Amino acid sequence: MFYPKNISEKLGMHQVIDAALERCDTEAGRLHIQRVKCSGDTSLVSLWLEQTEEVCQIIAKGELSLSLNIDFDLQVKTAQIEGFFYEIETIQQIQDCLRSLQRIVVFSQDRKEDYPRFALVFDKLDVDWELIGAIDKILDIDGEVKSNASKGLQKITTAIKRAERSIIKSSNSIFTKAKDQGLLADTE
């Protein structure tokens, strides 16, 4: 089937693209939307429409509620810089994003019969899910670095606790001596 070269303009695609761009949370999403083109492949367009319909059903039924507010492309680029270190907040964002993505993948597998076209999107997704566990070993639920995140940190934490106990013991000894000598008031 032949379409005129200005089919996008005739169909008002720029309005659809502009509306989609307004709803994008990340630069990667905006770039993806800007690359959208019309297709003359009716089977592909039918698939996209069916996937869109299934996503609309999932949202309408409230079966899957997620927010992925992280520019994953930026994080991938910065990860490739030698010597680059992420801030803890960024690591938490990556972990949250991976957990959300994992929930989507599990949902798509569990509900494959109900939403077969939606499941196709995630069938061949290759993600290193062990990264979630690796982050769990380092950060606690409040986003603080765990004292046992590494052997070196564990040694430092143990040494600090030992030093704190020694300081408290010495302080108590000095306080008791000063109190016994009458240098301090009776109230602690």
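**Reading a surface patch, a helix pair and salt bridges**

Modeller: In this predicted model, Ile88, Ile138 and Val145 make up a nonpolar patch on the surface, and together they have about 210 Å² of accessible area.

Biologist: Is Ile138 buried or exposed, or does it fall in between?

Modeller: Isoleucine 138 counts as partly exposed because its relative accessibility is 39%. The residue is found in helix α8, residues 130-138.

Biologist: How should one read the packing of α8 and α6, and at what angle do their axes cross?

Modeller: Two packed helices are described by the angle and the distance between their axes. Here the axes of α6 (residues 88-110) and α8 come within 10 Å and cross at roughly 140°. The two helices are therefore oblique to each other, and their crossing is left-handed.

Biologist: Which salt bridge involves aspartate 136?

Modeller: Side chains of opposite charge can pair when their charged atoms come close. Aspartate 136 pairs with arginine 99, their closest N and O atoms being 2.6 Å apart. Aspartate 136 lies in helix α8 and arginine 99 in helix α6, so this salt bridge ties together parts 37 residues apart in sequence.

Biologist: How many salt bridges does the whole structure hold, and which residues are joined into one network?

Modeller: A search of the whole structure finds five. Among them, glutamate 63 bridges to arginine 111, with the closest N and O atoms 2.3 Å apart. Glutamate 63 sits in the loop between α4 and α5, and arginine 111 in the loop between α6 and α7, 48 residues apart. Aspartate 114 also forms a salt bridge with arginine 111, at 2.6 Å between the closest N and O atoms. Shared partners thus join Glu63, Arg111 and Asp114 into one network.

Key:
Residues numbered from 1 in each chain as written. Predicted model: local features only at pLDDT ≥ 70, side-chain atom pairs only at ≥ 80, totals over all residues. Heavy atoms only, no water. Patch = residues over 30% accessible without salt bridge, like charges linked within 9 Å, V, L, I, M, F, W, Y side chains within 5 Å. Areas by Shrake-Rupley, 256 points an atom, 1.4 Å probe, with all protein chains shown as cover. Salt bridge = Lys/Arg side-chain N within 4 Å of Asp/Glu carboxyl O. Helix = DSSP H or I, 4+ residues; strand = E, 2+ residues; numbered from the N terminus. Buried < 20%, exposed > 50% of the residue type's maximum accessible area, 1.4 Å probe, protein only. Axes fitted to C-alpha atoms, helices over the stretch in contact; angles between N-to-C directions. Parallel < 35°, antiparallel > 145°, perpendicular 65-115°, else oblique. Left-handed = near helix turned anticlockwise from the far one by under 90°.
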